[in-house]
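Work through the exercises below with the sequence and the model side by side. Try each task before reading its solution.

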Amino acid sequence: MSSNTHGALQKAKKSFQTLFEQAADGILIGNTEGKIIDANTSICEMTGYEKKELIGNNIMILFTKEELKKKPLEYEQLNAGKSVLRERKILKKDGKEIYVEMNTKKVADGRLQAYIRDITDRVKAQKKINEKNCELIKTRKNLETSNAQLLQLNKQLEEQKAELIRAKEKAEESDKLKSNFLANMSHEIRTPMNGIIGFAKLLENPGLSGERHQDFVRIIVQSGKRMLNIINDLIDISRIESGYTNLQKMNTDINKILLEHYEFFKYEAEAKNIKLNIHLEEPHKELILYTDPAKLTQILNNLLKNAIKFTNEGQIDFGYKKKNKRFLFFVKDTGIGIEHQMQNKIFERFRQVNMDSARPYEGTGLGLAISKAFIQMMGGSIYVDSEPGKGSVFSFTLPVENPVAEKNQE
């Protein structure tokens, strides 16, 4: 080798050594088994070891057993010519751990060369970022939960608000109904009272003929009955609302009750040119139902009175059918009918289709409410099917209960 060549090699070697020692990253050079052959100043400063403490030792001196178990040194890949880039924890001489980025590869002369960069600050910063992210995620979840709770609370408040509005409207409507009821009741009471008092005074006329006398007596009796009906309705609704109404069940002949109603109402119907038809199953036999006959009679009275009152022409059919262990009673008319929106309201207390005090039909507006209450007490239900101008069908069911033996009734 010439002196010039030797000088150039020495110069290159010296230049490499200078770069090796002055490199900012730590550099370790070792054999294929991990034994350290050389180390630069940066790795010594990074680990706290002197160069003489590192050279001759295996690189494993820089790692804990747990770290090597978690991230083993990959000699097979390195010896196969592959570069390995890993983030690892290095154990310093003083026992502290630092995070490094370690890039290891096999160089041309067959040795292994590792470039090691301290990334402890970066890892700590990333950890803080991750912790902040976790906190943000947790905060977001808490906010989402709180938002969902607020939405639910808001929904509940809206529902409560709507319920309060409905209650307020219902209370206002109830007050209006009661006011109208009292006004109508005043009219209803005054009319028969005026009839009774007025015609009673006319009876004092000594020159009154016998025929006129009988007419006046008849009007007084009719007015008295109307007054009595008003008082009975008020007593019934008062007992229902106070819970003092009781059932008096007994063996009741359904056919007999309906025939009595037919005989009683047919003259009133004929007076308005209305045909009254009765429909019975086996009319010539007793059909016994264990129920309250007085309340059943009152329900049928209310429904038939309404049918005659609101029918000006045509016919009224009433009767019953036995169906699925229940009796289905019905009253069907060809009267004025009921608007659809009013069909559920007519069973309310104090409610009438026409609430005007100058309405053409008399009545307290309690009959259907009383009937519904009695039917429900007896275990049944009441329904209406109506079309304005074509008529109405009122029907109600009562459960079939076995007749009680006579000896049990004593």
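The exercises that follow treat a predicted model.

**Exercise 1. The five-strand sheet**

Determine the strand order of the open sheet of five strands, and find which strands stand at the edges.

Solution.
- Start with the order. It reads β7-β9-β10-β12-β11, and the pairing is mixed.
- Next, find the edges. β7 (274-279) and β11 (382-387) each have a single partner strand, so one side of each is left without a neighbour in the sheet.
- Then take the angle between strands. Neighbouring strands are turned by 10° against each other on average, with direction ignored.

**Exercise 2. Pairing, strand by strand**

Work out in what sense β9 pairs with β10, β10 with β12, and β11 with β12, and count the bridges in each case.

Solution.
- Take β9 (residues 314-323) and β10. They pair in the antiparallel sense over eight bridges.
- Check one position there. Asp317 has Lys332 in β10 as its bridge partner.
- Look at the connection. β9 and β10 form a hairpin with two residues between them. Asn324, in the turn, has a positive phi of about 50°.
- Move to β10 and β12. They run antiparallel and are joined by seven bridges. Phe330 stands opposite Ser395 in β12.
- Finish with β11 and β12. Six bridges link them, again in the antiparallel sense. Tyr383 has Ser395 in β12 as its bridge partner.
- Combine two of these steps. Ser395 faces Phe330 and is also the bridge partner of Tyr383.

**Exercise 3. Helices on the sheet**

Identify the strands that helix α8 touches and those that α10 touches, then give a direction angle for each helix.

Solution.
- Helix α8 (residues 254-271) packs on the sheet and touches β7, β9 and β10. Its direction makes about 175° with that of β7.
- α10 also packs on the sheet, where it touches β11 and β12. The direction of α10 makes about 25° with that of β12.

**Exercise 4. Aromatic pairs**

Classify the pairs Phe329–Phe396 and Phe347–Phe394 by ring geometry, then decide whether each residue is buried or exposed.

Solution.
- Begin with the total. The structure holds six aromatic pairs.
- Take Phe329 and Phe396. Their ring centres are 4.9 Å apart and the planes differ by 10°, so the pair is stacked, the cut-off being under 30 degrees.
- Place this pair. Phe329 is in strand β10 (residues 326-333) and Phe396 in strand β12 (residues 391-399), 67 residues apart.
- Test burial, with the cut-off at under 20%. Phe329 has 0% relative accessibility, so it counts as buried. Phe396 is buried too, with a relative accessible area of 0%.
- Take Phe347 and Phe394. The centres are 6.2 Å apart and the planes make 75°, which means edge-to-face, since that class needs over 60 degrees.
- Place this pair. Phe347 lies in the loop between β10 and α10 (367-377) and Phe394 in strand β12, so the pair ties together parts 47 residues apart in sequence.
- Test burial again. Phe347, at 10% relative accessibility, counts as buried. Phe394 counts as buried at 9%.
- Widen the view. Phe329 and Phe396 belong to one aromatic cluster with Tyr320 and Phe327.

**Exercise 5. The surroundings of Lys295**

Decide whether Lys295 is buried or exposed, and describe what its side chain meets.

Solution.
- Locate Lys295. It is found in helix α9 (residues 293-309).
- Test burial. Lys295 has 11% relative accessibility, so it counts as buried.
- Find a polar partner. A polar atom of the Lys295 side chain lies 2.9 Å from the backbone oxygen of Asn246.
- Find the ring. Lys295 lies over the face of Phe374, at 5.2 Å from the ring centre.
- List the contacts. Leaving out residues up to four places away in sequence, Lys295 touches Thr245, Asn246, Leu247, Phe374, Met377 and Met378.
- Combine the steps. Asn246 supplies the backbone oxygen and Phe374 the ring; both are among the contacts of Lys295.

**Exercise 6. A glycine in a loop**

Locate Gly48 and list its contacts beyond four places in sequence.

Solution.
- Gly48 is found in the loop between α2 (41-47) and α3 (51-54).
- Gly48 is partly exposed, with a relative accessible area of 41%.
- Beyond four places in sequence, Gly48 is in contact with Glu53 and Lys93.
- The C-alpha atoms of Gly48 and Leu91 are separated by 9.7 Å, and the two residues are 43 apart along the chain.

Definitions and conventions. Residues are numbered from 1 along each chain as its sequence is written. This is a predicted model: local features need pLDDT of at least 70, side-chain atom pairs count only at pLDDT 80 or more; totals for chains, interfaces and linings use all residues. Side-chain values use heavy atoms; hydrogens and water are left out. Helices (H or I, at least four residues) and strands (E, at least two) are DSSP runs, numbered from the N terminus. Buried means under 20% relative accessible area, exposed over 50%, partly exposed in between (1.4 Å probe, protein chains only). A polar contact is a pair of N or O atoms within 3.5 Å; within protein, one must be able to donate a hydrogen and the other to accept it, and residues adjacent in sequence count only if both atoms are side-chain atoms. Contact means heavy atoms within 4.5 Å. Rings of Phe, Tyr and Trp (its six-membered ring) pair if their centres lie within 6.5 Å; planes under 30 degrees apart count as stacked, over 60 as edge-to-face and the rest as tilted. A charge sits over a ring if NZ of Lys or CZ of Arg is within 6 Å of the ring centre and within 35 degrees of the ring normal. Two strands pair if DSSP finds at least two bridges between them. Axes are lines fitted to C-alpha atoms, for helices over the stretch in contact, and angles run from 0 to 180 degrees between N-to-C directions.
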